[in-house]
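Me: Got a minute to go through this one with me? I'd like to start with the inside and then talk about charges.

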Amino acid sequence: GETYIAGRARTTGGRKYDVRLYLPPDYPHESPSLYIVRPRVLRMYGGGTINSLGASGAFHTLPNGPDGCVTVCHTANWDASMTWVKVLHKLSLWLEAYELHLKTGNEIASYLVPPVGER
């Protein structure tokens with residue numbers, strides 16, 4: 001009953017993440033949901049988990065998705081002209097920022113600068 005795109009993303013560091021992009025019934029007029037399903041728990045630098053944050057501007061996440069997996073916030077201003085390809089591009093940037101967070105402890109938001117039209 002649900003429409004989604006599932007796949008595996010690999011970062012430049014070689015880590016692999018299983019992801020799902022759910023397309024709502026009213027897509028493209030409604031924003032898709034983007035989940036990291038494996039690893040289910042995403043650790044944070046210095047302890048804790050991103051899953052425990054739920055919605056976080058500092059980490060570009062929304063309330064947790066199915067089974068508590070991390071939901072990546074991919075845009076604040078969704079409109080029907082956007083495509084799921086843009087969402088997957090944001091996922092790639094988010095995962096690279098997450099891996100930088102693991103090395104430095106900086107918030108993911110510090111690595112993601114929105115385009116001028118979305119600031």
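Reply: Sure. Keep in mind that this is a predicted model. The largest nonpolar core has 23 residues, and I36, L42, I50, W94 and I108 touch the most other members.

Me: Which elements each supply at least two residues of this core?

Reply: Those are β2 (16-23), β3 (33-38), β5 (70-72) and α1 (84-104). The largest share, six residues, comes from α1.

Me: And what is L42 in contact with, leaving aside neighbours within four places in sequence?

Reply: Y17, I36, T49, I50, N51, V70, W94 and Y98.

Me: OK, charges now. How many salt bridges are there?

Reply: The count comes to three. One of them pairs R8 with D18, with the closest N and O atoms 2.8 Å apart. R8 is in strand β1 (residues 3-10) and D18 in strand β2, so this pair ties together parts 10 residues apart in sequence.

Me: Is D18 buried or exposed?

Reply: D18 counts as buried, at 12% relative accessibility, while R8 is exposed at 55%.

Me: What else does D18 pair with?

Reply: R38 forms a salt bridge with D18, closest N and O atoms 3.1 Å apart. Shared partners join R8, D18 and R38 into one network. R38 is exposed too, with a relative accessible area of 53%.

Me: And what does R15 pair with?

Reply: E99, with the closest N and O atoms 3.9 Å apart. R15 sits in the loop between β1 and β2 and E99 in helix α1, so the bridge links parts 84 residues apart in sequence. E99 is buried at 8%, and R15 is partly exposed at 42%.

Definitions and conventions
Residues numbered from 1 in each chain as written. Predicted model: local features only at pLDDT ≥ 70, side-chain atom pairs only at ≥ 80, totals over all residues. Heavy atoms only, no water. Core = buried A, V, L, I, M, F, W, Y, C linked by side-chain atoms within 4.5 Å. Buried < 20%, exposed > 50% of the residue type's maximum accessible area, 1.4 Å probe, protein only. Helix = DSSP H or I, 4+ residues; strand = E, 2+ residues; numbered from the N terminus. Contact = heavy atoms within 4.5 Å. Salt bridge = Lys/Arg side-chain N within 4 Å of Asp/Glu carboxyl O.
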